[in-house]
Structure formats: structure tokens, C-alpha cells
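Reader: I am new to protein models, and I would like to learn how to read one feature at a time. Could you take me through an example?

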Amino acid sequence: MGARGRALSLLLPSLAPWVRSHPEIPQAIVQAAETHGVPAHILMAVCFTESRLGADMRTQLTCGVYRTPRDRQADAAAHAIARWNVRCGSWRRALRMFRGSLCSSPDPHGYVPRVMALAERLRQAAQPRSDAHPRQRARPRRESHHGARR
């Protein structure tokens with residue numbers, strides 16, 4: 001499992017078994033992102049938001065692209081988002097287009113902020129850390145208010 005798969009597993013523990021058993025999905029998403037020049041964390045967040053990375057087998061979607069074979073959805077989504085980024089001028093506006101709206105139209109359901117917030121969490125989680133996570137650092141022990149143990 002690559003850094004993006006580990007990041008997904010850390011941020012979304014309920015998805016960890018799916019990511020471990022289907023490593024080709026995060027790999028396909030990262031490859032499609034690189035091919036089309038879309039930041040991988042944004043495409044990963046789109047695919048998760050649209051279909052939980054294909055974990056819902058009833059929909060047969062991986063990245064929310066209808067009428068596209070499941071194994072081509074990451075590429076189709078990355079291609080569309082990259083094209084709309086050029087047309088609309090920003091990733092946020094490109095996501096509005098991907099969701100079926102216009103570049104400058106309102107986002108009444110909060111799709112873009114939801115995707116971008118997850119994308120930022122994924123970006124941060126996928127970066128290598130030189131120091132321990134703050135929660136993993138040793139905390140000073142508190143002295144008991146009652147003195148010695150009973």
C-alpha cells in the first residue's frame with residue numbers, strides 16, 4: 001500500500017480493509033492524477049466523496065463517473081477535472097463543474113468545501129513526517145493529588 005493508501009487508512013479507518021484488499025484503486029487514482037496533472041490528493045478526495053473509492057459495490061462507481069467502466073473512472077475523472085481547471089481557472093471551480101454545475105455557480109450542498117477539506121487532510125497525512133505525531137510524543141506524567149498510591 002502506497003503513501004496515499006496509508007493516508008486513507010489512517011484518516012478513514014473504516015475504509016482500511018477495502019484499501020488493503022483493493023490496492024489497485026488508490027494506485028489507479030494516483031496514476032490518473034499524475035497523467036492529467038491533477039493533484040493526487042484532490043482526485044482521491046473526489047473519488048472517496050463520490051463513491052467511497054468503489055467500496056459500495058451496488059453503484060459500480062469508483063470516482064462518480066457514470067457510463068464509464070469502473071476501471072476507467074479515475075482516468076475519466078482526472079481528465080475532466082484537469083480540463084475544467086483550465087477552463088474555470090481553479091481546482092475549486094473545476095470541482096463545481098465536475099459536480100454538474102457551472103464554474104461560478106453556487107455550491108448549495110457544500111460539495112467543494114467537503115472535497116477540499118478531505119483533500120487537505122489526505123495531503124497532510126501522505127507527507128512523510130520527520131518527527132512523531134503530537135499524540136505519539138511522551139506526555140509528562142501527572143502527580144497524583146492524593147500523594148502515594150493506596
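Author: What follows is a conversation about disulfides, helices and a few single residues. Please keep in mind throughout that this is a predicted model.

Reader: Let me begin with the cysteines: how many disulfides are there, and how does one recognise them?

Author: A disulfide is recognised from a pair of cysteine sulfur atoms within 2.5 Å, and by this rule the chain has two disulfides. In one pair, Cys47 and Cys63, the sulfur atoms lie 2.0 Å apart, and in the other pair, Cys88 and Cys103, they lie 1.8 Å apart. When the bonded cysteines are counted along the chain, the pairing reads 1-2, 3-4.

Reader: Which parts of the chain does the pair Cys47 and Cys63 tie together?

Author: Cys47 belongs to helix H4 (residues 40–51), while Cys63 sits in the loop between H4 and helix H5 (73–88), so this disulfide ties together parts that are 16 residues apart in sequence. Cys47 is buried, with a relative accessible area of 0%, and Cys63 is buried with a relative accessible area of 0% as well.

Reader: And where are the two cysteines of the other pair, Cys88 and Cys103?

Author: The disulfide of Cys88 and Cys103, with its sulfur atoms 1.8 Å apart, links distant parts of the chain, for Cys88 is in helix H5 and Cys103 is in the loop between helix H6 (91–98) and helix H7 (111–126), 15 residues apart. Both Cys88 and Cys103 are buried.

Reader: Is each disulfide right-handed or left-handed, and what does one look at to decide?

Author: One looks at the torsion about the S-S bond. For Cys47 and Cys63 this torsion is about 95°, so the disulfide is right-handed, whereas for Cys88 and Cys103 the torsion is about -55°, so that disulfide is left-handed.

Reader: Let me turn to the helices: how many residues does H4 have, and how many of them are buried?

Author: A residue counts as buried when its relative accessible area is under 20%. By that cut-off, 10 of the 12 residues of H4 are buried, so this helix is largely enclosed by the rest of the structure. The buried residues of H4 include Ala40, Ile42, Leu43, Phe48 and Ser51. From its first C-alpha to its last, H4 reaches 16 Å, which is close to the 16 Å expected at 1.5 Å a residue.

Reader: What can be said about Val46, which is found in H4?

Author: Val46 is buried, with a relative accessible area of 0%. Its C-alpha atom is separated by 6.0 Å from that of Val115, although the two residues are 69 residues apart along the chain.

Reader: Val115 brings me to H7, so which residues of that helix are buried?

Author: The buried residues of H7 are Tyr111, Val112, Val115, Met116, Leu118, Ala119, Leu122 and Ala126. They cover an arc of only 165° around the axis, which puts them on the same side of H7. This helix has 16 residues and reaches 22 Å from its first C-alpha to its last, close to the 22 Å expected at 1.5 Å a residue.

Reader: How should I read the way in which two helices pack?

Author: Two packed helices are described by the angle between their axes and the distance between the axes. For H5 and H6, the axes come within 8 Å and cross at roughly 125°. H5 and H6 are therefore oblique to each other, and their crossing is right-handed. For helix H3 (residues 24–36) and H4, the axes come within 9 Å and cross at roughly 130°. H3 and H4 are therefore oblique to each other, and H3 passes H4 in a right-handed crossing.

Reader: Finally, the loop between H4 and H5: are Val65 and Arg67 buried or exposed there?

Author: Val65 lies in that loop and is buried, with a relative accessible area of 15%. The C-alpha atoms of Val65 and Cys47 are separated by 9.3 Å, and these residues are 18 residues apart along the chain. Arg67, which lies in the loop between H4 and H5, counts as exposed at 87% relative accessibility.

Reader: What is the backbone angle phi of Arg67, and of Arg52?

Author: Arg67 has a positive phi of about 60° although it is not a glycine. Arg52, just after H4, takes a positive phi of about 55°.

How values were computed. Residues numbered from 1 in each chain as written. Predicted model: local features only at pLDDT ≥ 70, side-chain atom pairs only at ≥ 80, totals over all residues. Heavy atoms only, no water. Helix = DSSP H or I, 4+ residues; strand = E, 2+ residues; numbered from the N terminus. Buried < 20%, exposed > 50% of the residue type's maximum accessible area, 1.4 Å probe, protein only. Expected span 1.5 Å × (residues − 1). Arc of directions from axis to C-beta. Axes fitted to C-alpha atoms, helices over the stretch in contact; angles between N-to-C directions. Parallel < 35°, antiparallel > 145°, perpendicular 65-115°, else oblique. Left-handed = near helix turned anticlockwise from the far one by under 90°.
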